[in-house]
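Dear colleague,

Please find below the structure that I am handing over to you, together with its sequence. My findings follow directly after it.

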Amino acid sequence: MEQNFDICVIGGGIQGAGIAQAAALSGFSVALLEKSDWGAGTSSKSSKLIHGGLRYLQSFEIGLVRESLKERRTLLNIAEDIVKPNWFYLPIYKNSQHKPWQLSIGLTLYRILAGRKNLAGFKRLRRAQWSQLKGLNTANLQTVFAYQDAQTDDKTLTRRVALSAQTEGATLLCPATVISAEKTHRGYSVRLNIDGLEKTIYCRTLVNAAGPWINPVAETIQPAPPMVNVDLIQGTHLEFAEQLSDKCFYLEAQQDHRAIFVMPYKGGTLLGTTEKVFSGDADQVQPSAEEIEYLLEVIRYHFPHFNHKPSKAWAGLRVLPASDNSPFSRSREVQYAESDNYLAVYGGKLTGYRATAEVAIKKIIKSMNLEGRRKVKDSSKVEI
Ligand SMILES: Cc1cc2nc3c(=O)[nH]c(=O)nc-3n(C[C@H](O)[C@H](O)[C@H](O)COP(=O)(O)OP(=O)(O)OC[C@H]3O[C@@H](n4cnc5c(N)ncnc54)[C@H](O)[C@@H]3O)c2cc1C
């Protein structure tokens, strides 16, 4: 096995896979190191949406929404067999947080930010059409909007991006657990555990894309690299064997006005998500009884006839800026921590992985003093 690389990327989630792909495309020798399986972490526990994040307009994260909508369009082109458009129905009740006119403005802006040749805009259903919505509670219902976004299989997407990185020349190592890393005169030496055997590899730049494990991994690096102060936010989903609808619903939780998605999934239904500050070992995250009850209350309120028992419940962890604010209101922008030969990528969205990878590679090119000689190669035409 090769022992020296330009770049070692720790973490085979969507961000690590995306950075390895962009690095390989840009002509770097790169190793992608994953301790468990491609997409085994948060990248298989998401809501599986490739979306612009309509609700981020509320917090004026316009740049993030525009970028995500652009990425949605690209992913619909380069991964069309696993990124599929769908309609999302958004019911507004008398006690909903937003009024119909506010949603109208938000959806108009969403359509404008999407630009041309992207998914179609939105529509408002006539009252006579409400009966098409599979038993939706119509008591105090004021109106229903419908707009388009896309669904995917997050784990498959991540695996495909990792395999694309390999096709472009990256070395994929899995299972390979990073035990520690140490700065050398030229970069880093990285100690790995592969099938119980210890191995050391070397790189000029070390990228930490270990998702919820990012700071515990950073703590094994000598000398201590810069770290961002973050919270891990647990999000739970429920799966049902029964299918509620072939369309998606964007619901407002009656308990706290948070956004909850109900989506067709593997012939059944997926419902999520919650947001709860997590502490402890990221490998041990589990849905709590309160989260399950919270989600069941939301679906029972909106679809009283859908009183099935969930077949599965699982939880994933978001990396969000540490704050006293509610997780729902915290920024979803990616944060970076950098020092000589080291880059850590905190947070981000599944949808935006290509954009994040592009920023990461630009930073690496700059830190290696390769500006003008090396360029980030565009991956928007590389089918995955
Ligand atoms: C509940 C929830 C719903 C979401 N829904 C959406 C959505 O619908 N759409 C969207 O765009 N985004 C969504 N997101 C955000 C998105 O899923 C995440 O931002 C993204 O998956 C994070 O990817 P990552 O690569 O940073 O982390 P991860 O996927 O967690 O990858 C990190 C990897 O590092 C590996 N690792 C850890 N330690 C080591 C080590 N020592 N050595 C080697 N490997 C190691 C882990 O095994 C893991 O595979 C959601 C997030 C959550 C939590």
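Lys-48 sits in the loop that runs between β2 (30–33) and β3 (49–50). In this predicted model, its phi is near 65°, a positive value in a residue other than glycine. Lys-48 counts as buried, because 23 other C-beta atoms lie within 10 Å, and the cut-off for burial is 20 or more.

Asn-140 may be read alongside it. Asn-140 also has a positive phi, of about 65°, although it is not a glycine. Its place is the loop between β5 (122–124) and β6 (141–152). Asn-140 is exposed, because it has 10 other C-beta atoms within 10 Å, and a residue counts as exposed at 12 or fewer.

Two cis peptide bonds deserve attention when you prepare the backbone. One is the bond from Gln-222 to Pro-223, with omega near -10°. Pro-223 belongs to the loop between β11 (221–222) and β12 (230–240). Another cis peptide bond joins Gly-272 and Thr-273, and there omega is about 15°. Thr-273 is placed in the loop between β15 (268–272) and β16 (276–278).

Overall fold

The chain contains seven helices and 19 strands. Along its principal axes, the C-alpha trace spans about 70 × 45 × 35 Å. For 384 residues, a compact globule would have a radius of gyration near 21 Å, and the chain has 21 Å, so the two agree. Of the 384 residues, 46% count as buried. Among contacts with a separation of 6 or more, 73% are between residues 24 or more positions apart.

Domains

The chain is divided into domain 1 (4–42 + 155–229 + 331–367), domain 2 (52–151) and domain 3 (230–321). The C-alpha centres of domain 1 and domain 3 are 29 Å apart. Between these two domains, eleven residues of domain 1 are in contact with nine residues of domain 3. On the side of domain 1 that touches domain 3, five residues are nonpolar, six are polar and none is charged.

Ligand surroundings

Where does the ligand lie with respect to domain 1 and domain 3? Both domains give residues to the shell around the ligand, so the ligand lies between them. The ligand is surrounded by 37 residues, of which Gly-11, Gly-13, Gly-41, Gly-211 and Gly-235 are the closest. By residue class, the shell comprises 13 nonpolar, 18 polar and six charged residues. At least two residues of the shell come from each of α1 (14–25), β8 (177–183) and β17 (312–321).

Nonpolar core

The largest nonpolar core has 106 residues, and those touching the most other members are Cys-8, Val-9, Ala-20, Val-30, Leu-32 and Val-207. Helix α1 gives the most to this core, with eight residues. Which residues does Cys-8 touch, not counting residues up to four places away in sequence? With that exclusion, Cys-8 touches Ala-31, Leu-33, Val-190, Ile-201, Cys-203, Leu-206 and Val-207. Val-207 thus appears both among the contacts of Cys-8 and among the core residues that touch the most other members.

Two threonines

Thr-205 is found in strand β10 (residues 197–208). Thr-205 is buried, because 24 other C-beta atoms lie within 10 Å. Leaving aside residues up to four places away in sequence, Thr-205 touches Asp-6, Ile-7, Gly-187, Asn-341, Leu-343, Ile-364, Ser-367 and Met-368. Thr-205 and Pro-264 are 59 residues apart in sequence, and their C-alpha atoms are 42 Å apart in space.

Is Thr-108 buried or exposed? Thr-108 counts as exposed, because it has 12 C-beta neighbours inside 10 Å, and the exposed class takes in 12 or fewer. Thr-108 is part of helix α3 (residues 100–114). Its C-alpha atom is separated by 19 Å from that of Glu-71, and the two residues are 37 residues apart along the chain.

With kind regards

Key. Residues numbered from 1 in each chain as written. Predicted model: local features only at pLDDT ≥ 70, side-chain atom pairs only at ≥ 80, totals over all residues. Near = placed C-beta within 6 Å. Helix = DSSP H or I, 4+ residues; strand = E, 2+ residues; numbered from the N terminus. Nonpolar A, V, L, I, M, F, W, Y, C, P; charged D, E, K, R; others polar. Domains from an automatic or database assignment. Core = buried A, V, L, I, M, F, W, Y, C linked by C-beta atoms within 7 Å. Contact = placed C-beta atoms within 7 Å. Rg over C-alpha atoms; globule rule 2.2 N^0.38 Å.
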